[in-house]
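This report covers internal cavities, a helix pair and salt bridges. The sequence and structure come first.

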Amino acid sequence: MNLIDVFPLTALGASDFLNLGPVLILTFGAVLSILLGTHKDKGHYLAFGMSLASVLAAFLVNYAMVFSSDVSILGETLIFSPFTKTLSLMLLVFSGIAIFLTFGHDKKEGLLAEIYGLILFSVTGMILMVSTQHLLFMFIALEIMSLAIYVMVAMRRTSRFSAEAGLKYFILGGLASALFLYGSSLVFGATGSFQLESISYFLSSHPNPSYIYYVGLGLILTAMLFKVGAVPFHGWVPDVYQGASTNITGFMGAAVKFTAFMALTKISQHLVFVPQVSGLSWFQNYVWLIAAASMIYGNFVAISQNEIKRMLSFSTIAHTGYLLLGLCAMNVGETSSEDLIIYLFFYALSNLGAFAVISQFEEKNQKDLTLDQIAGIGLKHPLLGAFFTLFLLSMAGIPLTSGFIGKYGLFSSAVNSGEVPLVVIAVLTSVVSVYYYLRVIIYMFMKDSAGEEVTFQGLKGAGLAAFISAVATLQFGLFPRAIISFVKMISK
Amino acid sequence: MTNDVLVQTLAAVLFTIGILVVLLRRDTIMVLMGIELLLNSANLSLVAFSKSAAMIEGQLQVFFVITIAAAESAIGLSILINLYRNFGSIKTQNASTLKG
């Protein structure tokens with residue numbers, strides 16, 4: 001048997017190329033911006049301009065193609081539908097904001113100009129990750145994304161915290177990727193396919209798969225729960241959030257979480273939520289338990305934190321719990337993933353904005369801002385204080401911000417699909433979360449600074465990033481109908 | 001036991017050894033080798049499954065995984081050099097400044 005018989009070489013047509021356009025533009029843009037970054041004086045400016053231009057070009061190509069007909073490349077390996085293209089658009093928005101956030105911050109922290117190229121590479125991996133239905137291609141996309149992120153985390157080269165965070169993230173991330181690979185190999189052995197849809201089809205006609213399938217699925221789920229930072233696998237989250245440079249932390253909290261959660265949703269939909277297989281109910285209970293544990297642990301540990309970035313890292317674990325609640329509701333109620341997407345999009349924007357504000361007050365190689373250090377800064381810098389307040393209120397889910405809309409949609413659809421006990425836990429723990437979000441606001445506006453002054457860095461890029469996120473947070477909080485109906489339309 | 005089962009058992013044993021190395025060893029070079037062992041045991045399992053299922057997909061994938069493993073170890077080693085510059089050692093127990 002010839003190789004060419006197994007894999008007939010099909011030439012890519014014009015529409016295939018147009019759909020692949022964003023990925024190609026980002027890859028070439030990344031290489032070019034790394035090359036331009038070597039320029040002696042203007043390296044950072046050139047790399048910034050190049051990376052921003054390629055994200056913009058990729059966004060425009062993607063935007064123009066959103067409603068074109070579905071295209072599948074390499075025998076259903078990559079699927080470009082309105083749904084996946086909308087997810088890519090959201091990722092490109094996050095990366096655009098992250099590039100602004102990096103500009104200015106890179107000089108302050110001594111980051112090399114390569115950081116712009118690395119952001120583009122990781123976005124390429126993310127776009128491939130949300131567009132594929134193939135387990136092994138998902139592994140490759142996951143690695144394209146993660147390898148760039150490992151380097152970005154360890155990029156503050158003179159900071160001990162950054163070196164340590166990079167090491168921790170690399171070791172645990174490498175372990176998770178290997179678990180994913182071995183898990184998909186076992187699933188392949190049990191079902192004879194790597195395509196999620198064919199596996200799902202196989203399972204519905206074979207309700208008793210061999211035990212190898214369960215082992216493989218357990219490994220895959222563990223790897224994905226690690227990537228989203230759910231509770232038993234959350235150990236790396238606080239350390240990496242503190243150790244990485246603040247712009248990278250914002251990017252990770254937004255884009256990596258978005259991608260990993262979309263992949264987890266896709267895997268759960270096809271491999272876990274198959275009603276014909278009774279053995280899978282154990283896995284469904286497992287996801288349920290992890291959701292409850294993440295919400296309770298994240299919110300209660302965040303209360304005792306005095307450092308802002310560490311507090312936000314525990315709150316992100318809690319947000320993972322809310323999102324897993326949405327995932328459980330999808331199983332029970334057969335709803336689609338639209339509420340998850342809306343919640344993730346809004347959360348990611350507020351998250352990026354919050355880290356943009358934090359980066360305005362950080363010294364070089366500083367580990368974190370403490371509550372005492374930010375006391376009174378809301379009065380000295382009213383605009384930034386107001387932005388930070390807005391982002392924190394949005395994360396807490398207070399009305400008039402986008403966070404409320406996301407949380408309301410998520411919880412109400414979970415109640416409609418009958419996942420009541422978990423929603424009760426979620427609502428109670430989000431009441432707890434209001435305490436630690438409001439505490440930061442009280443320190444900013446109602447306490448006098450206690451000696452430890454922070455200096456305002458005056459970064460224009462981070463200011464712009466905070467402004468964009470604040471406008472989006474308010475806009476989607478006050479007039480959410482357009483984006484909600486758009487997401488509902490494309491997820492049909 | 002047939003050959004298939006033997007090879008799969010070998011892959012599983014290698015994978016377990018890899019996990020134990022990653023979790024228990026304190027030397028980061030050994031941890032890197034553990035990650036390589038994990039990826040290669042997964043490769044072995046992929047090849048064996050695609051041989052027994054008479055499908056070529058899994059075997060092709062192994063080439064991609066080998067490439068990725070090379071990139072991953074390059075990045076891992078550069079992170080180690082960075083760690084050594086900052087801490088003067090590559091033992092994991094020294095790098096524990098982030099707590100709370």
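In this predicted model, four helices of chain A each give at least two residues to the lining of the largest cavity: H10 (211-228), H11 (236-243), H12 (246-272) and H14 (308-333). H12(A) accounts for the largest share of that lining, with four residues. The lining of the largest cavity consists of 13 residues, and those nearest its centre are A:Lys227, A:Val228, A:Trp236, A:Tyr241 and A:Lys257. By class, seven residues of this lining are nonpolar, four are polar and two are charged.

Two of the helices named above are also joined by a salt bridge. A:Asp239 pairs with A:Arg310, and their closest N and O atoms lie 3.5 Å apart. A:Asp239 belongs to helix H11 of chain A and A:Arg310 to helix H14 of chain A, so that the pair links distant parts of the chain, 71 residues apart. Over all chains, the search of the whole structure finds six salt bridges.

The largest cavity is one of five cavities of 30 Å³ or more found in the whole structure. The table sets it beside the second largest.

| Cavity | Volume | Largest share of lining | Lining by class |
|---|---|---|---|
| Largest | about 90 Å³ | H12(A), four residues | seven nonpolar, four polar, two charged |
| Second largest | about 60 Å³ | H15(A), four residues | four nonpolar, five polar, one charged |

Around the second largest cavity, the lining residues are A:His319, A:Tyr343, A:Phe346, A:Tyr347, A:Ser350, A:Ser394, A:Met395, A:Gly403, A:Gly406 and A:Lys407. H15, H18 and helix H19 (402-416) of chain A each contribute at least two residues to this lining.

H15(A) and H18(A) also pack against each other. The axes of H15 (residues 338-359) and H18 (residues 382-396) of chain A come within 9 Å and cross at roughly 145°. The crossing of H15(A) with H18(A) is left-handed. On the H15(A) side, the residues in contact are A:Tyr347, A:Ser350, A:Asn351, A:Gly353, A:Ala354, A:Val357 and A:Ile358. They meet A:Leu384, A:Phe387, A:Phe388, A:Phe391, A:Ser394 and A:Met395 of H18(A). The contact of H15(A) with H18(A) contains nine nonpolar residues, four polar residues and no charged residues.

Some residues of this helix contact appear in the cavity lining as well. A:Tyr347 and A:Ser350 of H15(A), together with A:Ser394 and A:Met395 of H18(A), take part in the contact and are among the residues that line the second largest cavity.

Notes
Residues numbered from 1 in each chain as written. Chains lettered and ligands numbered in written order. Predicted model: local features only at pLDDT ≥ 70, side-chain atom pairs only at ≥ 80, totals over all residues. Heavy atoms only, no water. Axes fitted to C-alpha atoms, helices over the stretch in contact; angles between N-to-C directions. Left-handed = near helix turned anticlockwise from the far one by under 90°. Contact = heavy atoms within 4.5 Å. Nonpolar A, V, L, I, M, F, W, Y, C, P; charged D, E, K, R; others polar. 1 Å grid on protein atoms, 1.4 Å probe; cavity = no way out; pocket = protein on both sides within 12 Å on 5 of 7 lines; lining within 4 Å. Points joined across faces, edges and corners; volume = space filled by probe spheres on them. Salt bridge = Lys/Arg side-chain N within 4 Å of Asp/Glu carboxyl O.
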